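Biologist: I would like to go through this structure with you. I will keep asking how you know each thing.

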Amino acid sequence: MRKVSLKDTINDLSKQSDLYRIIARKVKDTITVWDMEFNLIYASPSLEAMLGYREEELKSLFNKSVASGFECIVAPESIDTFLQDIGKGLRKLREVEHNEAVEARMIRKDGSTVWTETSSSSLMNDDGQRVGILSITRDISNRKHTRDILKKNEERYRNILESIDDGYLEFDLAGKFTFFNEALCRMTGFSREELMGMSSSKCASPETAEKLRTTFNKIYATGEDARIKEYEIVRKDGSMRINDLSASIMVDASGSPVGFRGVVRDVTEHVNKEQELKDSYASVQRMLEETVRTLAFTVEVRDPYTAGHQRRVAQLAEAISERIGLTPQEIMGIKMAALIHDVGKVQIPGEILSKPGPINSNEMDLVRTHPEVGSNILKEIQFPWPISDIILQHHGRLDGSGYPKGVDDSDMSIGARIIAVADVVEAMVSHRPYRSALGMAKAIEEISNNKGTLYDEKVVDVCLSLFNEEGFAFS
């Protein structure tokens, strides 16, 4: 069989249409044709736009040797890899039609450089003989630049993730870890190898696992971010830590969910300190409550006829405060103030407090000092509630007719308004040394007739509702 050269094949092709020549002139990629000894046979006109060389100039560069030719147009940092890849490609093209693309930084005629990607394929004659190589070289400078930026950004973000104390994690829809930072390893006690592919439920208590499942189902269904506060994780050594997790959905290019990502923060110490503060506050509050009850007992020891009066006033005041809708802290403050609202009576002689009959005007003036005396006794104690002010105002009336003088609608706090009503009701239904009990009907009449004048209208309405509709009774 006669050996057919590439030139003979090209001559046969030249007898056909000039369509291929026109295409070669128009495309931006550079098309080069080489024989099997790697002699340059053809270079498309786009060669000059890409590298600055004309076809004849490029051929002259390869006259001495293929290696020297490539050394002229391939940058030093790329030449070794390029020649190795070219060599592998040539050997591969003896068996297959196409080889993999080769990237290289090439030197233009003016000394500037351009990043290129070259892919090659075998040229066959009609007899199936490999007679040459066709290469297509493309300028990928913009793509390379973009890829380098993305790579640098990825490295930057990875460095950031590895430098933070919070744990970062990603896991698939089955709940298996696919990516995480070193902080998560420290937080869980597991190594990277152990965590990778592990189910996230293995790092959680049963209660937490259920909480996580519910939350991530909601994220999947709605696409909305979510936060799980103070959930327990189980470390490798079995110890428990408390974490906060902020999580969101991950989607692919089509917008379909593919997994979840989240940031985990260890809040164990914060939660422990917060609990310590709550315990400390509760302890202080219990001490203050005991102080209040001790003071209340002191008043009742000196005035046995009013024994239980302050406790019963506190019962009614607490019930009114709850129905009005005050906060638990406000309700507790009013209850404490009611328990010692008559503490100022410690300064009044016992014979006046227990006098079995009407008291004269001088004695009444002395009795009426007890709100101020009580307020002065308590104002230096750092209660978390305004007890001193409430006690000062609890005998005030909206129209200013109460005592001390000057206390009226503009001064009276809600605590004082509530205790004023509760105090009157309890006093009227109870026995006193100077009179018998007047009864509930008289007490109801008193606050009803003077609602909005002497007593707060809303407080009276709530008090009446307690007795008439809810069956409230003093215990």
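Modeller: Start with helix α20. Val459, Val460, Val462, Cys463, Leu464, Ser465, Leu466 and Phe467 are buried there. Keep in mind that this is a predicted model.

Biologist: What covers the buried residues of α20?

Modeller: The cover includes α12 (309-324), α18 (414-429) and α19 (440-449).

Biologist: How do you know that the span of α20 agrees with a helix?

Modeller: Set the expected value against the model. At 1.5 Å a residue, the 12 residues of α20, residues 457-468, should span 16 Å. The end C-alpha atoms are 16 Å apart, so the two agree.

Biologist: What makes Asp456 a cap of α20?

Modeller: A side-chain oxygen of Asp456 lies 3.0 Å from the backbone nitrogen of Lys458. The cut-off for a polar contact is 3.5 Å. Asp456 caps the N-terminal end of the helix.

Biologist: Which residues touch the most other members of the largest nonpolar core?

Modeller: That core has 46 residues, and the answer is Leu316, Ile320, Ile387 and Ile447. Helix α20 is one of the elements that each supply at least two residues of this core. The others are α11 (268-302), α12, α13 (328-339), α17 (387-393), α18 and α19.

Biologist: Which residues does Ile447 touch?

Modeller: Leaving out residues up to four places away in sequence, Ile447 touches Val421, Val424, Val425, Tyr455, Val460, Cys463 and Leu464. Another core, of 23 residues, lies apart from this one. Among its residues are Leu184, Cys185, Ile249 and Val264.

Biologist: Now to helix α10. How do you know that its span agrees with the expected one?

Modeller: Its 17 residues, 206-222, should span 24 Å at 1.5 Å a residue. The end C-alpha atoms are 25 Å apart, which agrees.

Biologist: Which residues of α10 are buried?

Modeller: They are Thr208, Leu212, Thr215, Phe216 and Ile219. They cover an arc of only 95° around the axis, so they sit on the same side of α10. On the other side, Pro206, Glu207, Lys218 and Ala221 are exposed.

Biologist: What do the buried residues of α10 pack against?

Modeller: Four strands: β6 (167-172), β8 (226-234), β9 (240-251) and β10 (257-266). After the helix comes Gly223, whose phi is positive, near 80°.

Biologist: Lys211 is also in α10. Why is Lys211 called partly exposed?

Modeller: Its relative accessible area is 35%. Partly exposed runs between 20% and 50%, so Lys211 belongs there. Lys211 touches Ile228, Lys229, Glu230 and Tyr231, not counting residues up to four places away in sequence.

Biologist: What is Glu230 like, in strand β8?

Modeller: Glu230 counts as partly exposed, at 39% relative accessibility. Its phi is near 50°, a positive value in a residue other than glycine.

Biologist: On to the aromatic rings. Why is the pair of Phe171 and Phe216 called edge-to-face?

Modeller: The structure holds 14 aromatic pairs. In this one, the ring centres are 5.1 Å apart and the planes are at 75°. Planes over 60 degrees apart count as edge-to-face, so the name fits. Phe171 is in strand β6 and Phe216 in helix α10, 45 residues apart.

Biologist: Why is the pair of Phe171 and Phe260 called tilted?

Modeller: Its centres are 5.9 Å apart and its planes are at 45°. That angle is neither under 30 nor over 60 degrees, so the pair is tilted. Phe260 lies in strand β10, so the pair ties together parts that are 89 residues apart in sequence.

Biologist: How do you know that Phe171, Phe216 and Phe260 are buried?

Modeller: Buried means under 20% relative accessible area. Phe171 has 6%, Phe216 has 9% and Phe260 has 5%. Phe171, Phe177, Phe180, Phe216 and Phe260 form one aromatic cluster.

Biologist: Last, a loop. Why does Asn125 count as buried?

Modeller: Asn125 has 10% relative accessibility, and the cut-off is 20%, so it counts as buried. Its place is in the loop between β4 (113-124) and β5 (130-139). The side chain of Asn125 reaches the backbone nitrogen of Asp127 at 2.9 Å. A polar atom of that side chain also lies 2.7 Å from the backbone nitrogen of Gln129.

Definitions and conventions:
Residues numbered from 1 in each chain as written. Predicted model: local features only at pLDDT ≥ 70, side-chain atom pairs only at ≥ 80, totals over all residues. Heavy atoms only, no water. Expected span 1.5 Å × (residues − 1). Buried < 20%, exposed > 50% of the residue type's maximum accessible area, 1.4 Å probe, protein only. Arc of directions from axis to C-beta. Contact = heavy atoms within 4.5 Å. Polar contact = N/O pair within 3.5 Å; in protein donor to acceptor, adjacent residues only side chain to side chain. Core = buried A, V, L, I, M, F, W, Y, C linked by side-chain atoms within 4.5 Å. Phe/Tyr/Trp six-rings, centres within 6.5 Å; stacked < 30°, edge-to-face > 60°.
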